[in-house]
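Hello,

Here is the structure I promised to pass on. Please open it first, then read the notes below it.

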Amino acid sequence: MGLRTEELILNMGPQHPSTHGVLRLIVTLDGENITEVQPDIGYLHSSVEKMLEYRTFAQGIALTDRGMDYLTALANEEVYILAVERLAGIEVPERARYIRTILLELQRISSHLLWLGTFGIDLGAFTAFLWCMRERERVMDLFEAVTGGRLHHVYFRIGGVYEDLPEGWTDRVLEFCDYFLKRLPEYDELLTGNPIFKVRTQGVGVLPREVAVAMGASGPVGRASGVAYDVRKADPYEVYDRVEFDIPVYTEGDCYARYLVRLEEMRQSVRIIRQCIAQLPEGSIRARVPLSLRPPKGEVYVHTESPRGDLGIYMVSDGTERPYRVKIRAPSFSNLYALTEMMRGWKVADVIAILGSVDIVLSDVDR
Amino acid sequence: MSDSIHAPAGHIRVAPVDRAVEILDALPGGGIVLTTVEALLNWARSASIWPLTFGLACCAIEMMQAYATRFDLDRIGVIPRATPRQADCILVAGRCTIKMAPIVRRLWEQMPEPKYVISMGSCATCGGPFYYDNYSILKGIDTVIPVDVYVPGCPPRPEALIEGILKLQEKIRKEPFLRRNMVGASRGT
């Protein structure tokens, strides 16, 4: 005798403690099993692409900080500025390129730390949050010393950076690197070997390689599924072709693999920072760029590796001082749609673990 | 004077006030505090603001930093609650879209009285950098819900948020909480 069952539609969000922003998930349940997940986005649509059309190229920098992925403000600035520089054919001084790379990698560490902390909360490990925030505050201090801002920096300029590094800053960064590498094994003790953490993440939310490629999943999500693609290696920008680093790739495609990828990426970021500081040349930090920059007519597509994945900008210039059209290719957007594939067939309790492991920022999804 | 004049046998003996003063004065730091019930309630309420765990955008990250290790909002009695029914304050952290506005309004309506709103950051206060040439962002959360404290900044530092919470505490302490219907200070719904 079969039990009469019926489909249940569960609404998660947009206000939910674990949705990492304002994401609404419409989860169709068969008993406890998920049959379908429908993300409803747009709760943080800031119309930044349209707004950029009304800003001059220099003004747009401040907007990319806030309107795109707010956790990785410098990565947004970087991709925007690269696009403008390629459009206008501006050569950036060496020192500025190194400074940018150091800051981008620091940003990657801070972004992954925040992810790790919130992922810990999602799985019930509150200590991880407090520990990660402790480290993150130190990165924030480093940012503050250089850019003046903690979260939104507006530090990169077309043709360079705003100001030179303050005196003794590189020593502080190296000190942080030593400190941070000592802290990372603590996370291993806290989470990597933790049986509860492993049971909740290992084998959960598997994203096969083919699906990851088909869905356009990139960044740590793609690399955890065996897609060995990193823009820093595949299409190097700034000075990534002059430093040695490895790309962690796992083939399991589960939440645990995504966690391991991000942990290893933080170690690699420290490696990159150390090499950059060792190679940091003296000299100018900013090329001479006219105040009202008018790049020639044309279009350009630039992509970079933001902490969330392949972040691209397609920019069209019509010869005026404002871009004609800007299209942002957001990594979180593609990763969000890979989420629907990951969640199918899992229990409702795994929704949080899977959602947390993908590390989406809704500001990046909605723009 | 005798202690037993007004105390019939079998009843609890009530010490006269001057006797109580004597006892309390002997204690280190002891003494009698005379206050109104309202001031006592306000003092208690102001030291236990429980905001809703609710983040919209960038400011939510700074809010998380404020909750976390270095700044630790717990020490001024701020403990995040996951549901509006347990919360008495809503920290609107970040830009609010027109699509999100009815939800913020509903969350606010679900909170029990007395309730407070802190608008954190420029976007929640007035639209911030998304004021011009923008079709999707609400120009200030105060068009949807009444705001008690505005915290400026883009995003405000955790220190600024703490200052905002202290200002809210000040406001709560001065509030005619028990007399609010009499003085017509009833808020909202």
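Chain B first. Of its 189 residues, 41% count as buried. Please keep in mind that this is a predicted model.

Chain B has six helices and three strands. Along the sequence they run α-α-α-β-α-β-α-β-α. Take the contacts in chain B between residues at least 6 apart in sequence: 76% of them join residues at least 24 apart. The accessible surface of this chain is about 9900 Å². Carbon and sulfur atoms account for 61% of that surface.

Next, the place where the two chains meet. On the chain A side, 39 residues are in contact with 34 residues of chain B. Together the chains bury about 3100 Å². Of this buried area, 60% lies on carbon and sulfur atoms. Charged pairs are there too: the count between chain A and chain B is six salt bridges. For one to look at, try Arg55(A) and Asp133(B). Their side chains meet in a salt bridge at 2.6 Å, N to O.

Now the interior. In soluble globular proteins, nonpolar side chains tend to be buried together. The largest nonpolar core here has 83 residues. Which of its members touch the most others? They are Leu103(A), Leu106(A), Tyr259(A) and Met315(A). Helix H4 of chain A, residues 94-122, gives the most to this core, with twelve residues. There is also a second, separate core of 63 residues. It draws on both chains: its members include Val22(A) and Met133(A), along with Met100(B) and Met111(B).

Met315(A) deserves a closer look. Leaving out residues up to four places away in sequence, what does Met315(A) touch? Among its contacts are Phe57(A), Tyr80(A), Ala83(A), Val84(A) and Leu87(A). Gly298(A), Glu299(A) and Val300(A) are also on the list. So are Pro323(A), Arg325(A) and Val326(A).

Finally, a strand pair in chain A. Strand E6 covers residues 298-306, and strand E7 covers residues 309-317. The two pair in the antiparallel sense over nine bridges. E6(A) and E7(A) form a hairpin, with two residues between them. To find your way in, start at Glu299(A): its bridge partner in E7(A) is Val316(A). Glu299(A) is also one of the residues that Met315(A) touches.

Best wishes

Key. Residues are numbered from 1 along each chain as its sequence is written. Chains are lettered from A and ligands numbered from 1 in the order in which they are written. This is a predicted model: local features need pLDDT of at least 70, side-chain atom pairs count only at pLDDT 80 or more; totals for chains, interfaces and linings use all residues. Side-chain values use heavy atoms; hydrogens and water are left out. A nonpolar core is a set of buried Ala, Val, Leu, Ile, Met, Phe, Trp, Tyr and Cys residues joined through side-chain atoms within 4.5 Å. Buried means under 20% relative accessible area, exposed over 50%, partly exposed in between (1.4 Å probe, protein chains only). Helices (H or I, at least four residues) and strands (E, at least two) are DSSP runs, numbered from the N terminus. Contact means heavy atoms within 4.5 Å. Accessible areas come from the Shrake-Rupley method with a 1.4 Å probe; for residues, only the protein chains shown count as cover. Two strands pair if DSSP finds at least two bridges between them. Buried area is the accessible area (1.4 Å probe) that two parts lose on being put together, summed over both. A salt bridge is a side-chain nitrogen of Lys or Arg within 4 Å of a carboxyl oxygen of Asp or Glu.
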